[in-house]
Amino acid sequence: MTSSDAIEQAKTHFGTLLEGQLARIEAMKSEGEWTDFSTLEPIIIGVCGGDGIGPQISAEAQRVLETLLADQVAAGKVEFRTIEGLTIENRAAQNAAIPADVLKELKKCHIILKGPTTTPRAGDPWPNIESANVAMRKELDLFANVRPVRVPEDGIDWIFFRENTEDLYALGSDGIVVEDDLAIDFRVITAPGSERIIRLAFEHAAKNGINRLTVVTKANVVKTSDGMFLDAARRISGDYPDVKWDDWYIDIMTAKLLDPKRRTEFRVMVLPNLYGDILTDEAAELQGGVGTAGSANIGKRYAMFEAIHGSAPRMVDEGRAAYADPSSMIRAGSMLLAHIGFGEAARKLEQALDICGRFEKRLTITGRDTGAKGSEFAKYILETMADPNLESRWNDYQKQLVKS
Ligand code: IPM
Ligand code: MG
C-alpha cells in the first residue's frame, strides 16, 4: 500500500470513530434519571466470578453480602443471581469482550458484583480482545469510577472520582497502525462526559460538607482535551460556591500524594480516566495495597462493584487461590450496599473491614499458605460484624491510632 492509500484508510477509520463519538454525545445528552433503588423490588444483584482468583474472592464477598441482606432476600426485596460466562475462555471462544448472551443477562440485573477478569494483551494465548471491565463500563455507561482511600492514622481521607468511559480508554482497542512505523491511538474527552463526572464529585463534596475539591489534568501539555475537562470544571464549580476547588497537574499530584505534609489537604479528586487509573493504584498502595481497595463503577441506570486489582492468574497456577485476599471485593460490597440504600449495613461492614484488616488483624493474609485463607478472613469479618459492640470497638481503635 502506498503512503497516501494508508493515509486515506486512516482518515476513513478516524471518520467512523468520530461518528461513533458524536452519537455517544447525543445519547449522553438524552440520558434518563438516576435509578431510585427504593422503588425496585426485587433489586437484582448479578454476580460474575471472573477469572483467576476472581471466583474465590467474589464468592466470599457474596457470602458476606448475603448474610447482611438475609432478611431482604427472604422477603423478596433483594435477589442474588449468578451470571455465567464472563470468563476469559468463553470470551476468547466467542471473540468478544462481553459475549452477547452474557451482556443480555447483565442488563437484566440492576447491580453487578464482578470479580477481576483477565485482560488479554498482544502475545497472550488469547485473542487480543478488549478488557471486560472496560467493555462493561462502556456498555452499561458506568461513567463514574469512585474509589475511596482512607488511612486515618496518617490523616488521609481521599475519594477519587475517575471518569470511566472516555479518555484513552474510549477507543483503546480502535487505534491504528497507519504504516509499519506509525501507531496512533485516540484520546476522547467530551464536554457532557466531563461535566457529569465533575458534577458528581462536586455533589459529593457539597453533600458531605467537604470544602476541598481538586481537578487533576495535564492541561499545560495536553491542551485540547484536558483543556476541555478543566473548562467543564470551571463551569460546574459555579453551581457549588461553597466548595473550594483548585487544579493540579497529574505529575506533581502523583508526587504530592507521597508528601506527608501536603497530602492530608486533599479530599475529593476528579480526573480523566487514565490519570485516575494510575493515581488510584498509588493511593491504594498507601492504604495497604491494591488488595484493600474497592471500586464502584456508577452510571445513572446500572452500577458495578469490583476490586481495583487484577485476576492474579499466577496465584491460581501456583495453587494459592484459596489464600487470595478478598478484602477489596468485600469493600466493593460495602460500596454496593451504600449505593442501593443500605447505608447502615455498609457502615458496619466498613468498620468490620477496618478492624479485621487494619486494627486488630487477628488473621493475616499473605497470599500463600503462611497466612489465612480468604474464607477464614470472610468468617472473621462476619463474626466481627455480629459483635454488638462493633461501633465502640471501632471508635476505640480509631482513637488509639490517631493518637500514636
Ligand atoms: C482498574 C484496572 C482496569 C483499568 C484494567 C483491568 C483494564 O486497572 O480497574 O483500575 O485499567 O481500568
Ligand atoms: Mg487500574
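Two strands count as paired if DSSP finds at least two bridges between them. Keep that rule in mind, and also that you're looking at a predicted model. Now let's put the rule to work on strand 4 and strand 5. Strand 5 covers residues 156-163, and eight bridges join it to strand 4, with the two running antiparallel. That clears the cut-off of at least two bridges.

Before going further, take a step back and look at the whole chain. It has 15 helices and twelve strands. Its C-alpha atoms fill a box of roughly 70 × 50 × 45 Å, taken along the principal axes. Is that what you'd expect of a globule? What radius of gyration would a compact globule of 404 residues have? The value would be near 22 Å, and the protein chain has 22 Å, so the two agree. Buried residues make up 51% of the 404 residues. The chain also brings distant stretches together: take the contacts between residues at least 6 apart in sequence, and 73% of them join residues at least 24 apart.

Back to strand 4, then. This strand spans residues 144-151 and is mostly covered, with six of its eight residues buried. In a regular strand, side chains alternate between the two faces of the sheet. Across from strand 4, on strand 5, D157 stands opposite R150. The two strands form a hairpin with four residues between them, and there G155 takes a positive phi near 70°. Strand 4 has another partner too: strand 11 (residues 294-298) pairs with it in the antiparallel sense, over three bridges. In that pairing, N145 faces N297 of strand 11.

Next, follow the charges. The structure holds 40 salt bridges, and one of them connects the side chains of D277 and R162, at 3.5 Å from N to O. D277 sits in helix 10 (residues 273-287) and R162 in strand 5, so this pair ties together parts that are 115 residues apart in sequence. Are these two partners buried or exposed? R162 has a relative accessible area of 1%, so it is buried. D277, at 24%, counts as partly exposed, because buried means under 20% and exposed means over 50%. R162 has another neighbour to look at: it lies over the face of Y169, at 5.2 Å from the ring centre.

Other salt bridges link residues that are close in sequence. R358 and D354 meet through their side chains at 3.2 Å, N to O. Both belong to helix 13 (residues 343-359), where they are four residues apart, about one turn of the helix. R358 has a relative accessible area of 18%, so it counts as buried, and D354 is buried as well, at 1%. These two residues also belong to a network of salt bridges that links R150, E153, R331, E350, D354 and R358. You've met R150 already, as the residue of strand 4 that stands opposite D157.

For another setting, look at R362 and E360, whose side chains form a salt bridge at 3.7 Å, N to O. R362 is exposed, at 54% relative accessibility, while E360 is partly exposed, at 24%.

Finally, turn to the aromatic rings. A pair of rings is described by the distance of the centres and the angle of the planes. The count for this structure comes to seven aromatic pairs. In one of them, the rings of F14 and F186 have centres 5.2 Å apart and planes at 15°, so the pair is stacked. This pair links distant parts of the chain: F14 is in helix 1 (residues 3-29), F186 is in the loop between strand 7 (182-184) and helix 7 (191-207), and 172 residues separate them. F14 is partly exposed, at 37% relative accessibility, whereas F186 counts as buried, at 13%.

Now compare the rings of F377 and Y380. Their centres are 6.1 Å apart and their planes meet at 85°, so this pair is edge-to-face. Both residues lie in helix 14 (residues 374-386), three residues apart, about one turn of the helix. Both F377 and Y380 are buried.

Conventions: Residues are numbered from 1 along each chain as its sequence is written. Chains are lettered from A and ligands numbered from 1 in the order in which they are written. This is a predicted model: local features need pLDDT of at least 70, side-chain atom pairs count only at pLDDT 80 or more; totals for chains, interfaces and linings use all residues. Side-chain values use heavy atoms; hydrogens and water are left out. Buried means under 20% relative accessible area, exposed over 50%, partly exposed in between (1.4 Å probe, protein chains only). A salt bridge is a side-chain nitrogen of Lys or Arg within 4 Å of a carboxyl oxygen of Asp or Glu. Rings of Phe, Tyr and Trp (its six-membered ring) pair if their centres lie within 6.5 Å; planes under 30 degrees apart count as stacked, over 60 as edge-to-face and the rest as tilted. A charge sits over a ring if NZ of Lys or CZ of Arg is within 6 Å of the ring centre and within 35 degrees of the ring normal. The radius of gyration is taken over C-alpha atoms; the globule rule is 2.2 Å times the number of residues to the power 0.38. Contact means heavy atoms within 4.5 Å.
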